[in-house]
Amino acid sequence: MPSTPPIVLTIAGFDPSSGAGITADIKVIAAQECYGVACISALTVQSTQGVGRVQAAPHEIITATLEMLVADLSIAAVHIGMMANEHVVGAVADFLERTRLPHVVLDPILRSTSGAELLNSAGTRVMVERLFPLAELVTPNLDEAAALTGMEVASAAAASGSSQVASLGSSVESMREAARRLHSLGAANVVVTGGHLEKAIDLHSFGTAHGIEQEIFKAERQRSTSTHGTGCAFATALACHLAHGRGLPEAVLLSKAYISAAIANAYPLGRGKGPLHHLYRMHQQRRPSQVVMETEHAHSRN
């Protein structure tokens, strides 16, 4: 009989367009050769053009679903996405405190790209207080890092002309500072993503006996409108690689390469921001990674 693949649990919202949320997560998990199981945290009314409405799932149903899954299956990793409100966050935190499941990847989703609120302020506060200490890895994007840490994160997206390079550098410095602040809030390991920058840069930050160390991952920015759910897919892929037993730097490298290829192979869909091609590997052989990693010891800088 074939061996059982690692089982990855995703706790996230339902996106009916399947570009993000539970249905996208399951595709990502399958693409990383894992088996996906899911708990829906909220229903959304949305398409590629934006989010129209959000309805949180009853926290009692979330608890019952999670308890039934863990009683039957050996979970190798957990991805946490959209959670809507403090009741959902509390139910997830209670569950993880009881079960202590391995390799928890928290994607702190606060708002949609179209501006809809996906986690209220009370939920954000509970998430930081209770889920940050339980997560092996926290993966905010630039805007989420700014909101969570109370700082302004510079963005190259607003830059133009000769100031663009300087703005990109400022963004990277802001990512480093945001990561340090996230550590102070209880996050053990952090990846701050900056896929919308002129260079698609992700910053991996982690604590060691010598202080905070940081790794910078760079790739060419994909000129595409098929980017809906990029952060969800990245965090889910990370959970899968951790479930396979890979270390964090390798997991980040492989996940970033997967996202780049999924964007490059995406097909037009919808009238707004279309989805990635999560299952592109079904139709072609894997390409070598174009991602470059630079290691920097933050404590050794002047």
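A salt bridge here is a side-chain nitrogen of Lys or Arg within 4 Å of a carboxyl oxygen of Asp or Glu. Arginine 181 makes one with glutamate 177, and the closest N and O atoms sit 3.1 Å apart. The model is a predicted one, and by the rule just given the count in it comes to seven salt bridges.

The pair just named stays inside one element: arginine 181 and glutamate 177 both belong to helix 6, four residues apart, or about one turn of the helix. Glutamate 177 also has a second partner, since its side chain meets that of arginine 180 in a salt bridge of 3.1 Å, N to O. Glutamate 177 and arginine 180 are three residues apart in helix 6 (residues 164–184), so about one helical turn separates them. As for accessibility, glutamate 177 has a relative accessible area of 26% and is partly exposed. Arginine 180 counts as partly exposed too, at 26% relative accessibility, and arginine 181 likewise, at 32%.

Another salt bridge links two helices. The side chains of glutamate 67 and arginine 98 meet at 2.3 Å, N to O. Glutamate 67 lies in helix 2 (residues 59–72) and arginine 98 in helix 3, so the pair ties together parts that are 31 residues apart in sequence. Glutamate 67 has 29% relative accessibility and therefore counts as partly exposed.

Helix 3 turns up again in the packing around helix 4. The axes of helix 3 and helix 4 come within 8 Å and cross at roughly 15 degrees. Angles under 35 degrees count as roughly parallel, and helix 3 and helix 4 are therefore roughly parallel to each other. Their crossing is right-handed. On the helix 3 side, the residues in contact are Glu86, Val89, Gly90, Val92, Ala93, Asp94, Leu96 and Glu97, and they meet Ala122, Gly123, Val126, Met127, Arg130 and Leu131 in helix 4. By class, this contact holds eight nonpolar, two polar and four charged residues. Charged residues of this contact turn up in the salt bridges as well: Asp94, Glu97 and Arg130 are linked in a network.

What does helix 4 (residues 121–131) keep buried? The buried residues are Ala122, Gly123, Thr124, Val126, Met127, Val128 and Leu131. Their cover includes helix 3 (86–99), strand 5 (104–106) and helix 5 (142–149). Ala122, Gly123, Val126, Met127 and Leu131 are thus among the buried residues of helix 4, and they also belong to its contact with helix 3.

The remaining pair brings together helix 1 (residues 21–31) and helix 7 (residues 230–243), with axes that come within 9 Å and cross at roughly 45 degrees. Helix 1 and helix 7 are therefore oblique to each other. This crossing, too, is right-handed. Helix 1 brings Gly21, Asp25, Val28 and Ile29 to the contact, where they meet Cys232, Ala233, Thr236, Ala237 and Cys240 of helix 7. Sorted by class, the contact of helix 1 with helix 7 has six nonpolar, two polar and one charged residues.

Terms used. Residues are numbered from 1 along each chain as its sequence is written. This is a predicted model: local features need pLDDT of at least 70, side-chain atom pairs count only at pLDDT 80 or more; totals for chains, interfaces and linings use all residues. Side-chain values use heavy atoms; hydrogens and water are left out. Axes are lines fitted to C-alpha atoms, for helices over the stretch in contact, and angles run from 0 to 180 degrees between N-to-C directions. Angles under 35 degrees count as roughly parallel, over 145 as roughly antiparallel, 65 to 115 as roughly perpendicular and the rest as oblique. A crossing is left-handed if the near helix is turned anticlockwise from the far one by less than a right angle, and right-handed if clockwise. Contact means heavy atoms within 4.5 Å. Ala, Val, Leu, Ile, Met, Phe, Trp, Tyr, Cys and Pro count as nonpolar, Asp, Glu, Lys and Arg as charged, and the others, Gly among them, as polar. Buried means under 20% relative accessible area, exposed over 50%, partly exposed in between (1.4 Å probe, protein chains only).
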